[in-house]
Amino acid sequence: MSTAATSPLVEALHAQATALAEATPALAPARALAREAALAHGVPTTRNERWKYTALRALAARRFEAPAARVDVDLKVIANIPAPRLVIANGRYAPALSDLHGLAEGLRVRLLSEVLRDAPTEAAGWLATDTAATDAAFQQWNGALADEGFVLEVEPGVRVATPLHLVVIGAEDGADRAFHLRHRITLGAGAALVVAKHHLGTGAHRHLLNTVLHVELGEGATLTQARVQREADGATLIQRTQATLGANAHYRRLDLELGGALSRHELDVALAGDGAQLDANGVLLADGRRHLDTRLGIEHRARDTRCELTWRGLGAQRGRAVFHGGILIAEGADGSNATLSNKNLLLDDGAEIDTQPVLVIHADDVQAAHGATVGRLDDTALFYLRARGVPLAEATAMLTAAFLREPLAVLANEPLEAALAATLDARLASAASARE
């Protein structure tokens with residue numbers, strides 16, 4: 001084992017990866033490459049620019065066990081999530097909680113475990129990871145350890161309007177466990193799909209969830225994706241989304257970061273085909289002692305591409321939100337249009353928000369704008385509501401909700417937007433009660 005890998009976290013993951021490779025020899029070479037890269041690079045530290053604001057010392061000092069064979073989860077946890085839905089609980093597929101009634105024709109749904117078992121050659125390519133990256137150990141560990149996930153494929157020309165719900169549940173089961181999931185969403189030319197992904201927690205668990213999602217959109221395809229993270233207060237989530245958009249493809253997504261102790265999401269999108277479009281909005285609700293870190297890396301690689309990014313952050317009590325919005329317009333990507341807005345609200349002196357918009361342009365004839373702000377509630381608006389008899393707590397809640405709801409409109413799907421607005425409002429009510 002490399003000297004870079006001396007922490008309890010890495011020692012535990014190394015042992016699990018070695019055992020998994022021995023159990024699946026057909027995948028051993030691909031897993032070994034990922035494992036050795038992770039061992040060589042070690043857990044990222046704040047000396048690395050990409051991890052400057054997120055310290056992992058406490059996480060590195062912990063030891064996690066592999067997933068158990070099964071876990072029992074009460075149906076009430078998913079009571080408000082309709083079919084069709086697929087559920088993974090503590091890293092294992094949960095057929096008793098899943099319901100695929102109403103699944104559209106032309107949408108193929110598989111589990112990663114099925115592909116690993118039945119098509120190891122195909123799966124080996126899916127486990128490939130950037131072994132040279134010195135700051136991507138968690139993605140490398142994912143390549144070494146991922147044994148479950150959702151695999152979605154939509155045939156060319158098939159347009160699926162009914163949302164498919166993907167649910168990942170962390171449940172207390174007597175031990176701290178690490179789960180490594182790898183998902184894939186592939187849309188053929190002209191296809192369309194709506195996906196809602198839910199990260200839910202039940203019980204006072206402190207699991208580690210390490211997830212990678214690959215998205216590939218063919219020419220003219222449209223993917224609408226909502227991701228709602230409501231994990232347990234002790235959970236740690238490390239997630240990466242890598243998307244490639246073909247010509248005239250359109251990717252709409254919304255991220256609501258509402259839970260967990262530590263949650264980091266890296267969203268990397270390549271606008272690779274002429275006319276590709278990205279609308280990616282999000283909300284970071286950092287209250288209590290929650291640490292939420294989002295890092296965007298958007299690359300305009302082709303002509304006439306467009307991205308519009310609207311993110312809102314809230315810091316309360318001793319919570320911390322970190323946001324990096326990186327946009328690169330590459331040479332030759334003429335006619336590109338890029339907009340980034342990141343506005344943040346601080347409710348308490350103990351909270352902290354760090355925001356860093358970055359715009360790099362190497363092309364001509366482009367339109368680009370970016371901005372970030374951190375501030376308090378508008379005193380004039382508060383005075384207006386108080387003068388009309390609205391109590392201070394209620395006035396604060398009204399203005400906060402209005403501020404954070406703006407990104408939800410990106411989905412262009414009223415029923416889904418309404419459901420997510422209700423989820424956000426409930427979470428805000430809980431945060432307000434905790435501050436009283």
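**Strands, sheet and helix packing**

Strand β3 (residues 107-111) and strand β4 pair up in the antiparallel sense, with 5 bridges between them. Keep in mind that this is a predicted model. Besides that pairing, there is an open sheet of 10 strands to look at, plus a helix pair, α2 and α6, that runs roughly antiparallel.

**Around β4**

- β4 spans residues 150-154 and is mostly covered, with 4 of its 5 residues buried.
- To find the register with β3, start from Arg108: its bridge partner in β4 is Glu153.
- β4 also pairs with strand β6 (residues 178-187), this time in the parallel sense and over 4 bridges.
- For that pairing, look at Leu152, whose bridge partner in β6 is Ile185.
- As background, strands in a sheet pair through backbone hydrogen bonds, and they can do so parallel or antiparallel.

**The open sheet**

- The 10 strands follow the order β2-β1-β5-β7-β9-β11-β13-β15-β17-β19, and the pairing is mixed.
- At the edges stand β2 (92-93) and β19 (367-375); each has a single partner strand, so one side of each has no neighbour in the sheet.
- Helix α8 (residues 392-405) packs on this sheet, where it touches β13 (277-286), β15 (306-315) and β17 (337-346).
- The direction of α8 makes about 155° with that of β15.
- Within the sheet, strand β5 (residues 164-171) and strand β7 (residues 192-202) run parallel and are joined by 8 bridges.
- A handy marker for β5 and β7 is Val167, which stands opposite His198 in β7.

**Helices α2 and α6**

- Helix α2 (residues 28-41) packs against helix α6 (residues 137-145) with the axes 7 Å apart and an angle of about 150°.
- Angles over 145 degrees count as roughly antiparallel, and α2 and α6 are therefore roughly antiparallel to each other.
- The crossing of α2 past α6 is left-handed.
- On the α2 side, the contact takes in Arg31, Ala34, Arg35, Ala37, Ala38, Leu39 and His41; on the α6 side are Ala137, Gln140, Trp141, Gly143, Ala144 and Leu145.
- Sorted by class, the contact of α2 with α6 comes to 8 nonpolar, 3 polar and 2 charged residues.

**Gln16 in α1**

- Gln16 sits in helix α1 (residues 8-23).
- Is Gln16 buried or exposed? Its relative accessible area is 15%, and buried means under 20%, so Gln16 is buried.
- Setting aside neighbours within four places in sequence, Gln16 is in contact with Phe64, Glu65, Ala66 and Leu145.
- Leu145 turns up again among the α6 residues that meet α2.

Terms used
Residues numbered from 1 in each chain as written. Predicted model: local features only at pLDDT ≥ 70, side-chain atom pairs only at ≥ 80, totals over all residues. Heavy atoms only, no water. Axes fitted to C-alpha atoms, helices over the stretch in contact; angles between N-to-C directions. Helix = DSSP H or I, 4+ residues; strand = E, 2+ residues; numbered from the N terminus. Parallel < 35°, antiparallel > 145°, perpendicular 65-115°, else oblique. Left-handed = near helix turned anticlockwise from the far one by under 90°. Contact = heavy atoms within 4.5 Å. Nonpolar A, V, L, I, M, F, W, Y, C, P; charged D, E, K, R; others polar. Buried < 20%, exposed > 50% of the residue type's maximum accessible area, 1.4 Å probe, protein only. Pairing = 2+ DSSP bridges.
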